[in-house]
Amino acid sequence: MRVVIAEDGALFRDGLARLLAEHGTQVVGTAADGPSLLDLVAATVPDVAIVDVRMPPEQRSEGVEAALRIRRDHPATGVMLLSNHIETHHTLRLLADDAYGVGYLLKDRVADAGELLGALRRVADGGCVVDPLVFARLLRRRNRDAALAALSARERDVLGLMAEGLSNGAVARRLGLRTKTVEVHVRSIFARLGLTESPDDHRRVLAVLAYLAR
């Protein structure tokens, strides 16, 4: 199995390369950023590219963007995201295109070299490997997005103004509604988003967070 590694942390990158080599995997190159990774994949056409989610220059989703390019330009190369971060929006884009030969593992949850090598082989063979924590987050996001899509146009207006920090009274004035009507919309929003009343949770904050994370 031939792999490339894209990771901006030199210690982790070099340590992973040595670990894989010690277990019979051919590391054909390493990269510290997205553009270098794309050049490396084009030059070596590996079986799997191991990619961190966040890489230079902005440490946001450069790794995922590079992974999407690899899936588009080199469909025979599998992609294993190996990261400390769970990026649901971009990961859904990666999996939605084609889950063939795609994996997503969290660095601190890979127990040993055997587990990682087994996952890499499955991805190289066209399988899909997703850490249970990543899968759970993706499922929650899909359910939340479905709930947000089910809101009426007026409920979305109300929630958008809630996200601006407006009180029910201020929302009512902005939309030309009675405050009691806004209160009905807010209760409906909570119900659609599955936000039950609890002494430990602030439903208004949770609803706004769901709206902002869409």
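In this predicted model, L120 sits in helix α5, a helix that runs over residues 113-124. With a relative accessibility of 0%, L120 is classed as buried. Setting aside residues up to four places away in sequence, the contacts of L120 are with M1, L20, V48, I50 and M80. A very different relation holds between L120 and G169: 49 residues separate the two along the chain, and their C-alpha atoms stand 55 Å apart.

That separation is a good starting point for the overall form of the chain. The fold comprises ten helices and six strands. Its radius of gyration is 22 Å, whereas the globule rule gives 17 Å for 214 residues, so the chain is more spread out than a compact globule. Along the principal axes, the C-alpha atoms occupy a box of roughly 70 × 30 × 30 Å. Among contacts with a separation of 6 or more, 63% join residues 24 or more positions apart. Of the 214 residues, 44% are buried.

The surface can be described in similar terms. About 11,100 Å² of the chain is exposed, and 51% of this area comes from carbon and sulfur atoms. Side chains with a positive charge number 29 and those with a negative charge 28, with 9 Å between the centres of the two sets.

Turning to the interior, nonpolar side chains tend to be buried together in soluble globular proteins. The largest nonpolar core here has 24 residues, and the members that touch the most others are L37, A49, V51, I70, L81 and Y104. At least two residues of this core come from each of β1 (2-6), α2 (34-44), β3 (48-51), α3 (62-73), β4 (78-83) and β5. Helix α3 is the greatest contributor to this core, supplying five residues. Another core lies apart from this one; it has 20 residues, including L151, A172, V186 and L195.

Y104 offers a closer view of the largest core. Leaving out residues up to four places away in sequence, Y104 touches V53, M80, L81, H85, I86, E87, T91, V129, V130, D131 and V134. M80 thus appears among the contacts of Y104 and also among those of L120.

The loops hold buried positions too. T77, in the loop between α3 and β4, is buried with a relative accessible area of 0%. Beyond residues up to four places away in sequence, T77 is in contact with V41, V45, P46, D47, V48, A49, I70 and R71. Two of these partners, A49 and I70, are listed among the core members that touch the most others. K107 occupies the loop between β5 (102-106) and α5. This lysine has a relative accessible area of 17% and counts as buried because that value is under 20%. Apart from neighbours within four places in sequence, K107 meets E7, F12, D52, L82, S83 and N84.

Finally, helix α8 spans residues 168-175, and its buried residues are N168, G169, A170, V171 and A172. G169 is the residue whose C-alpha atom lies 55 Å from that of L120, while A172 belongs to the core of 20 residues. Just after α8, G176 adopts a positive phi of about 70°.

Conventions. Residues numbered from 1 in each chain as written. Predicted model: local features only at pLDDT ≥ 70, side-chain atom pairs only at ≥ 80, totals over all residues. Heavy atoms only, no water. Helix = DSSP H or I, 4+ residues; strand = E, 2+ residues; numbered from the N terminus. Buried < 20%, exposed > 50% of the residue type's maximum accessible area, 1.4 Å probe, protein only. Contact = heavy atoms within 4.5 Å. Rg over C-alpha atoms; globule rule 2.2 N^0.38 Å. Areas by Shrake-Rupley, 256 points an atom, 1.4 Å probe, with all protein chains shown as cover. Lys, Arg positive; Asp, Glu negative; His and termini not counted. Charge placed at Lys NZ, Arg CZ, Asp CG, Glu CD. Core = buried A, V, L, I, M, F, W, Y, C linked by side-chain atoms within 4.5 Å.
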